[in-house]
Amino acid sequence: QVQLVESGGGLAQAGGSLRLSCAASGSIFSINAMGWYRQAPGKQRELVATITSGGTRNYAYFVKGRFTISRDNAKNTVYLQMNSLKPEDTAVYYCSVGRTSSGAFMSAYWGRGTQVTVSS
């Protein structure tokens with residue numbers, strides 16, 4: 001089992017920034033990738049960004065150039081720096097860890113989510 005603890009959500013104005021953190025603990029030897037999803041009210045959960053243990057990053061088109069994913073392997077923590085926030089970025093953001101398979105991120109564990117609200 002892997003436990004994930006997220007922090008850093010909150011309220012920001014359009015154009016502002018927020019930084020999310022997610023610390024993993026437990027059987028982390030079973031994972032090699034970490035990522036962030038989000039789910040807005042009435043919408044499906046969507047993948048935002050992923051990063052492998054080797055540092056390979058992938059971003060959804062709608063955050064590319066604005067969000068940056070990073071990780072601290074020593075702390076088993078993944079971060080999501082969100083800049084130039086837009087009202088449409090408002091959602092619950094979920095941390096997820098798992099493995100990559102043929103380049104695809106396979107989620108195995110989920111955090112409880114942290115609310116991000118962007119006002120116009």
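These points concern the salt bridges in this predicted model.

1. With a salt bridge taken as a side-chain nitrogen of Lys or Arg within 4 Å of a carboxyl oxygen of Asp or Glu, the count in this model comes to three. Side chains of opposite charge can pair when their charged atoms come close.

2. Arginine 38 meets glutamate 46 in a salt bridge, with an N to O distance of 2.8 Å. The two partners should be described separately as regards exposure, since arginine 38 counts as buried at 6% relative accessibility, while glutamate 46, with a relative accessible area of 31%, is partly exposed.

3. Arginine 38 also forms a salt bridge with aspartate 89, where the N to O distance is 2.9 Å. This pair links distant parts of the chain, given that arginine 38 belongs to strand β4 (residues 33-39) and aspartate 89 to the loop between β8 (77-82) and β9 (91-101), 51 residues apart. Aspartate 89 has 0% relative accessibility and therefore counts as buried, the cut-off being under 20%.

4. Aspartate 89 is in addition the partner of arginine 66, in a salt bridge with an N to O distance of 2.7 Å. Because arginine 66 lies in the loop between β6 (57-59) and β7 (67-72), and aspartate 89 in the loop between β8 and β9, the pair ties together parts that are 23 residues apart in sequence. Arginine 66 is likewise buried, its relative accessible area being 10%.

5. Taken together, Arg38, Glu46, Arg66 and Asp89 are joined into one network by salt bridges that share partners.

Terms used. Residues numbered from 1 in each chain as written. Predicted model: local features only at pLDDT ≥ 70, side-chain atom pairs only at ≥ 80, totals over all residues. Heavy atoms only, no water. Buried < 20%, exposed > 50% of the residue type's maximum accessible area, 1.4 Å probe, protein only. Helix = DSSP H or I, 4+ residues; strand = E, 2+ residues; numbered from the N terminus.
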